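I opened a new page for this structure. My plan is to go through it part by part and note what I look up.

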Amino acid sequence: MNPHSTRRRAGLRLLVPILTLGLVAAACGGDDSDADTTEVPAETTAPPAETTAPPAEGPTIRVRGQDFSEAITIAEVYGQYLDAKGYDVEILTPAGFRTEAIDGIRNADLDLIIDYIGGSLTALAPDGESLSDADEIMAVIGPLYAEIGGTLLDYAPAIDGDAFVVRGDSEASTISDVADLDYVFGASAQCFERPQCFLGYTDPDVYGIEFSDTVTLEFGPLLGEALQAGEVDAVVWNDTAPQIDEFGFKVLEDDLGLHPAQNIAPIVRTEVLEAYGDQLRADLDALSAMITTEDLLAWNVETDLEFRESAAVATEWLEANDLI
Amino acid sequence: MAVSLLAQARNPIIRWEWIIEEWHQIQSAIFEHLRLTVLAMLLGLVVSAGLAAIALRYRWTLTPITATTSLIYTLPSVALFALLAPVFGNLSLYTAVLPLAGYTLLILVTNIVAGFQAVPPSVRDAAEGMGFGPARRIWTVDLPLALPFIVTGIRIATVSTVGMVTVAAIIGQGGLGRLIFSGLRRAFWTPMTVGASLSIILALLLDALILGVGVLLTPWARRRRATS
Amino acid sequence: MNGAARPTQAAVRRDIGFFEWFFSADTWWGNNGILESLRETVVLCAAVTLVAVVLSVPVASVLAHLRRAELSTTWLVSISRAVPTFAIAALLVPWSLRSGRGFEPIPIFTALLLLALVPIYLNTYTAIRQVPEGAVDAARALGETELSILTRVELALAASLVFAGVRVAAIQVVATEPIRAFLGGDGLGRYVRDGIGQSNNTLVVGGIVLIGGLAALTGLAFVVLERLVLPNGVRRLARQQGKRTT
């Protein structure tokens, strides 16, 4: 199939919903995932078999990736998969990050987003306690997504957590070891205001590290370049950044368990989920169950080291796994 | 790792196969870029025409209008996009078009006003003497004479808008900036080179196009035209 | 970057009001304060503008004196306006890092310099071309050397417009310098960057106010400087010739 057949212009469509916000979204929370879980296992076992059952008629499912390679590929995987299953899917041009994705659900501009659950937690409950267990996180963010008109579905085995990365020759092996090393610390602006990130590293009650200096960097390959060049001695990156291996960096163990679990999980606008019924949930759960951390890493190698485009990488993976 | 980044085999300054493989993406980026440029220019022109009319009618307003449009012109575009994002929705078209149009005001208003002020009073008197009413005089005498200035203004504004649209990719609008940022996020040079070069080429083409239209509209000025 | 251990930056509360933020002493002082950011921005912008003047004015003057580069000048405007400054700086950053030169100043300096060269070059060129032929011919008839004609007649008469070019360049540099914060640096752009990253609108607004304010002050500073430096007659002459700054 041609992965681009579902692509349309994003711009004009964004004009329309501005005034029709919130009203719809607020009305249809409340749906809980417990009621349907009994059916799921039966279907997850044989995902390819479902291609024969065409989904019921329903609204267009608009999916948009957050604007970095891994998230773009993930969105392509979910979008192309649903498209092949016969759903009416529109894969929008990737844009924004978590805030924009969650706003998209809230404003009914988007019908399907895929996020890292720990990230969702910090975005939806910025002042809540930090949790490192995936199921605990799901229990907190599920109702919060329901409040804004979204339904959180089961998470995938794939994890892309925060990684405290240092050069290969560093003496440290755990984050605690860094306390004595007088390191220069580099991270994105977001990290500097998060208890699970910079605030936790420097908090005397947690890691209590005193960095000799800090540098704010755009999230992405710049982190690796800066670390390699010695401009910084430690960066907060993500586990599945392929450059970590490429440059021979190492990820320090989060010995105090500060970083939250970061499994990926789809969030569907409840209204759309209800329109399609259990079929959509079952199809999405079946896909999520197949995505592993190794897959994420492999995709990132393709997009960020081999410089292939996300859409093609996604098609290939789906074909290789008989999902389309 | 000592190898120069620019000399990496899989990541040269430009990888031609990528352009062929991703042509559909490039094509839609050009289209998006044009659309944002045209929308911003149209909005900018309408607002500028209004402001210029006010400034010409009530002379004392010229200074505050110029001061305000100059101030807008100096605001950093990244910040302006970011600021409007919460107002219109993070990825709304308005969020991109309003600042872009705002940046055209200074150039357009200045040139429209200068154009009308350059109409020789004797010509104006002659038209009035021939019994032209103010509306007819403005349309058939003043406007054509002011046109070369206005066209110059539109050219300058269009070219800088094309450059500015690349920044709109930050707030998720498409366009060639999207290629630049997508390359930047992956440290992949080809999309950046393609995006930057196409944005320059697009600017030059639009400039030539408007210049051509201007020449067609003012045939009498062809012989007298010095530089823009 | 000093190596002394010091408490690192405290995050600004997301719900802080603009005035509370702006009028707090912590916002202004210290290593991450506005004053330090302002200093970084001013130093870089001043250096860029200065280098741009040193590079463009002589070249433009000589070319204009010789009546060369008429067409290329027009095209130069078009190209330069369309060049994405951010892309240039961003392309240079990895190269600079890998060759051990750090994040700054080469990438951001080069990108801003390219931005600043053009208005100065163009205004100088145009200004000298607008010098009345009669003045030049008169000087020639008096036996002045070409160099002397260029510096004492043409440049002197063009001074006001050259000044306007420098002013426009400096303002553009100040308004564009914030991209530095997105490329491993700081400066006043840091507030915009952190504001966007941390969804803190107070910081974004604060950044815009500071940058816009500095740009406005820069424009004002040049007006004052021009009054102090240029003799009255030159300025009157420039006004008669009409204002051409774009």
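I start with a term: a residue is buried when its relative accessible area is under 20%, exposed when over 50%, and partly exposed in between. I also note that this is a predicted model.

**Entry 1: chain C**

I asked what share of chain C counts as buried. Of its 246 residues, 50% do. I then looked up the elements and found 11 helices and 0 strands. From the N terminus on, chain C therefore reads as α repeated through the whole list of elements. I also checked contacts in chain C with a separation of 6 or more. Residues 24 or more positions apart account for 75% of them.

**Entry 2: where chain B meets chain C**

I looked up the contact next. It takes 32 residues from chain B and 30 residues from chain C. The two chains bury about 2,800 Å² between them, with 78% of that on carbon and sulfur atoms. How many salt bridges are there between chain B and chain C? The count is 0. The search for residue pairs in polar contact, both at pLDDT 80 or more, also gives 0 across this interface. I then asked which helices of chain B supply the side that touches chain C. Helices 3, 4, 7, 8 and 9 of chain B each supply at least two residues. Helix 9 of chain B gives the most, with 8 residues.

**Entry 3: a sheet in chain A**

I turned to chain A and its strands. Five strands form an open sheet in the order 7-6-8-5-9, and the pairing is mixed. Strand 7 (213-216) and strand 9 stand at the edges with a single partner strand each, so one side of each has no neighbour in the sheet. Neighbouring strands are turned by 35 degrees against each other on average, direction ignored.

I followed strand 5 (residues 162-166) of chain A. It runs antiparallel to strand 8 (residues 234-238), and 5 bridges join the two. Val166(A) has Ala234(A) as its bridge partner there. Strand 5 of chain A is also antiparallel to strand 9 (residues 250-252), with 3 bridges. Phe164(A) stands opposite Leu252(A) in strand 9 of chain A. Is strand 5 of chain A largely enclosed or left open? It is largely enclosed by the rest of the structure, because 4 of its 5 residues are buried.

Strand 6 (residues 184-187) of chain A pairs with strand 7 of chain A in the parallel sense over 4 bridges. Phe185(A) stands opposite Thr214(A) in that pair.

**Entry 4: helix 14 and a loop in chain A**

I listed the buried residues of helix 14 (residues 310-320) of chain A. Among them are Ser310(A), Val313(A), Trp317(A) and Leu318(A). The buried residues of this helix pack against helix 4 (69-84), helix 12 (278-290) and helix 13 (293-305) of chain A. Just after helix 14 of chain A, Asp322(A) takes a positive phi of about 55 degrees.

Then I looked at Pro59(A), in the loop between helix 3 (40-44) and strand 1 (61-64) of chain A. Pro59(A) is partly exposed, at a relative accessible area of 34%. Its C-alpha is 6.6 Å from that of Val272(A), although the two are 213 residues apart in sequence. Leaving out residues up to four places away, Pro59(A) touches Asp88(A), Val272(A), Ala275(A) and Tyr276(A).

**Entry 5: salt bridges**

I searched the whole structure and got 25 salt bridges over all chains. I picked three to follow up.

Asp67(A) pairs with Arg178(B), the closest N and O atoms being 3.2 Å apart. This pair crosses between chains, from the loop between strand 1 and helix 4 of chain A to helix 8 of chain B. Both residues are buried.

Asp115(A) pairs with Arg98(A), with closest N and O atoms 2.7 Å apart. Asp115(A) lies in strand 3 and Arg98(A) in helix 5 of chain A, so the pair ties together parts 17 residues apart in sequence. Asp115(A) is buried at 2% relative accessibility, and Arg98(A) is buried at 15%.

Glu128(B) pairs with Arg137(B), the closest N and O atoms being 2.6 Å apart. Glu128(B) is partly exposed at 43%, whereas Arg137(B) is buried at 12%. Arg137(B) lies in helix 7 of chain B. Its contacts beyond four places in sequence include Arg124(B), Phe132(B) and Asp142(B).

Definitions and conventions:
Residues are numbered from 1 along each chain as its sequence is written. Chains are lettered from A and ligands numbered from 1 in the order in which they are written. This is a predicted model: local features need pLDDT of at least 70, side-chain atom pairs count only at pLDDT 80 or more; totals for chains, interfaces and linings use all residues. Side-chain values use heavy atoms; hydrogens and water are left out. Buried means under 20% relative accessible area, exposed over 50%, partly exposed in between (1.4 Å probe, protein chains only). Two strands pair if DSSP finds at least two bridges between them. Axes are lines fitted to C-alpha atoms, for helices over the stretch in contact, and angles run from 0 to 180 degrees between N-to-C directions. Contact means heavy atoms within 4.5 Å. Buried area is the accessible area (1.4 Å probe) that two parts lose on being put together, summed over both. A salt bridge is a side-chain nitrogen of Lys or Arg within 4 Å of a carboxyl oxygen of Asp or Glu. A polar contact is a pair of N or O atoms within 3.5 Å; within protein, one must be able to donate a hydrogen and the other to accept it, and residues adjacent in sequence count only if both atoms are side-chain atoms.
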